[in-house]
Amino acid sequence: MSAYIAQTDIEGRIPPDFLLQALDDNSDGAADTGVWDRVAEDACQAVDARLAQRYETPFSTTDPPTIVKAAAEVFALEILYLRRGVAATENPWTSQAETWRKKLDAIAMGHEPLTPDLQRAQPSANAITEPSKTTDSAGRTSV
């Protein structure tokens, strides 16, 4: 399975030295081969697991829905912190990941759309806010 996200998508969202530490299991100062791929795949599977009950997954990896990509990024960031032993209560990404889990569940249940519908349900309304011409300045009806 290809991932919806790349390492470059999350660079800049966490300190570079922490990212390296999270991907360097043998402490040689370089990211270990395949570690990012596993993190990205786990994050993408977390998204797919929630949406698969309503949508055919996996989504296209070249152009996944924006919501899918954004959720996978947050899940990957959460996983990176968990890989370094940061408890869920201390993980700065856990609350955002929980928010995404709830949103994905709502999408899977059909309560929210996967992609936003930008078409208005009702046309815009106009309001005329000038004084009525049927009354004079004293408020009496003038016909």
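This report describes the overall make-up of a predicted model, then one buried residue and one contact between helices.

## Overall architecture

The model is a predicted one. Its chain contains five helices and zero strands. Followed along the sequence, these elements give the pattern α-α-α-α-α.

## Burial, surface and contacts

The chain has 143 residues, and 32% of them count as buried. Its accessible surface comes to about 9300 Å², with 50% of that area belonging to carbon and sulfur atoms.

Among the contacts in the chain with a separation of 6 or more, 65% are accounted for by residues 24 or more positions apart.

## The surroundings of E73

E73 lies in helix α4, which spans residues 66-83. The relative accessibility of E73 is 12%, and E73 therefore counts as buried, the cut-off for this class being under 20%.

Leaving aside residues up to four places away in sequence, E73 touches I5, D9, I10 and R13.

## The contact of helices α3 and α5

Helix α3 covers residues 35-51 and helix α5 covers residues 94-108. The axes of these two helices come within 8 Å and cross at roughly 35°.

On the α3 side, the residues that take part are V47, R50 and L51. They meet R101, L104, D105, I107 and A108 of α5. By character, the residues of this contact divide into five nonpolar and three charged, with no polar ones.

Conventions. Residues are numbered from 1 along each chain as its sequence is written. This is a predicted model: local features need pLDDT of at least 70, side-chain atom pairs count only at pLDDT 80 or more; totals for chains, interfaces and linings use all residues. Side-chain values use heavy atoms; hydrogens and water are left out. Helices (H or I, at least four residues) and strands (E, at least two) are DSSP runs, numbered from the N terminus. Buried means under 20% relative accessible area, exposed over 50%, partly exposed in between (1.4 Å probe, protein chains only). Contact means heavy atoms within 4.5 Å. Accessible areas come from the Shrake-Rupley method with a 1.4 Å probe; for residues, only the protein chains shown count as cover. Axes are lines fitted to C-alpha atoms, for helices over the stretch in contact, and angles run from 0 to 180 degrees between N-to-C directions. Ala, Val, Leu, Ile, Met, Phe, Trp, Tyr, Cys and Pro count as nonpolar, Asp, Glu, Lys and Arg as charged, and the others, Gly among them, as polar.
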